[in-house]
Amino acid sequence: MKRKSLLLSFITLLLIGILSACGAGGGNEASGKEESGKNKVVIGYFPNIDHVPAMIAKEKGYYEEALGDQVEIEYKTFPDGGAFMTALKTGEIDAGLVGPAPVMNNYSNGADVKIIAGASSGGTVVVASKKSGIESLDDIHNKTFITPGVGCTHDVQFETYLQDYDIASSRIGGTLKHTTGNPAQYQAFFESGKVDLAAVPEPWASLLIKDGAKVIVDTKDIAYGTTLPNTVLVTSNKFIKENKDLVQNIVKAHKKAVDFINKNKEEARDIAIQSIKDITNQELDPEIIDSAWERVRYTTEVDEKVLQDFSNSSYDLKFLKEKPDLKGLVDTSFLN
């Protein structure tokens, strides 16, 4: 929990006293200070289709409802898992939605992070630009592919899939070049010829497909397909120990958002469209979201075995220096 320093509290009280002495409506001013002095919980998420539960919770006020009037909720968005995990480790955010790869990589390196629920699964697609000339995996040697981050969920899924075809990135001795970037910019990268392939989450995959990109590996075929939790709800163990009731209510709000999505598809879609537009300045066609929705499953379930298998793949691909042991990473007690 983020609390004001003693100095700030002193200054606040001093200011209230001065305003009251000047006849500036001290009672109302004091009330305002109490409002600004609320405990704060900061929730992080990304502007993509996997993170719709956070968008729904924000729009519907589920976190505010669950945590009560004495807690102020703030939302922050991130371009990739690395930035999210840095914010969690530094205390800039308290909880939020992120892909499992950066969570597991950071946990394996000693970071204080705990998965407390699933959010979505599936949704990763590999597409090729029209300019690339790629029609199948046979054509991708010496080409360049892009993902949101090095060792991110979509990167690991794609490179794991490629192992069955004896294809590897140049990072580990292969010919396939790799770069990273914001999915909202992938179409521009395709048009410029800077990249040929993208291992991308929805709704960006459907957007690229609409603009002429070719599906090379669909969600159901890529490594871990729809079984891998593509987005998870996380916090830190420190935050859990200090704020167990708050964490229980965060999970309660999150579950309510997931239930809403599954029961109100069209309204959830419209909220997602507006939320993504507000953050990225891109307004997605409802048909794009409908296409994306077919590849994503919203669920609070977490399959620990799949997470361990996925993490082993991260090690095999040399994203991790040591073979991971994810024992203790997942805590489903709040779900139950």
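Me: Buried means under 20% relative accessible area. In this predicted model, does Tyr298 count as buried or exposed?
Reply: The relative accessibility of Tyr298 is 5%. The cut-off for buried is under 20%. At 5%, Tyr298 therefore counts as buried.

Me: Which class of aromatic pair do the rings of Trp293 and Tyr298 form?
Reply: Their centres lie 5.4 Å apart. Planes under 30 degrees apart would be stacked, and over 60 edge-to-face. The planes here stand at 50°, so the pair is tilted.

Me: Which parts does the pair of Phe145 and Phe158 tie together?
Reply: The rings sit edge-to-face, 5.2 Å centre to centre, with 80° between the planes. Both residues are buried. Phe145 lies in one element and Phe158 in another, 13 residues apart in sequence, so the pair ties together strand E6 and helix H7.

Me: Which helix gives the most to the largest nonpolar core?
Reply: This core has 60 residues. Val41, Val52, Ile56 and Tyr63 touch the most other members. With 9 residues, the top contributor is helix H11 (residues 244-263).

Me: How many residues does the other core have?
Reply: This core lies apart from the largest one. Its members include Ala87, Val113, Phe310 and Leu329. Its count is 28 residues.

Me: What is the volume of the largest pocket?
Reply: Its lining has 26 residues, with Phe46, Asn48, Pro79, Asp80 and Pro148 nearest the centre. By class, 13 are nonpolar, 11 polar and 2 charged. Helix H7, strand E10 and helix H12 each supply at least two of them. The pocket's volume is about 300 Å³.

Conventions
Residues numbered from 1 in each chain as written. Predicted model: local features only at pLDDT ≥ 70, side-chain atom pairs only at ≥ 80, totals over all residues. Heavy atoms only, no water. 1 Å grid on protein atoms, 1.4 Å probe; cavity = no way out; pocket = protein on both sides within 12 Å on 5 of 7 lines; lining within 4 Å. Points joined across faces, edges and corners; volume = space filled by probe spheres on them. Helix = DSSP H or I, 4+ residues; strand = E, 2+ residues; numbered from the N terminus. Nonpolar A, V, L, I, M, F, W, Y, C, P; charged D, E, K, R; others polar. Core = buried A, V, L, I, M, F, W, Y, C linked by side-chain atoms within 4.5 Å. Buried < 20%, exposed > 50% of the residue type's maximum accessible area, 1.4 Å probe, protein only. Phe/Tyr/Trp six-rings, centres within 6.5 Å; stacked < 30°, edge-to-face > 60°.
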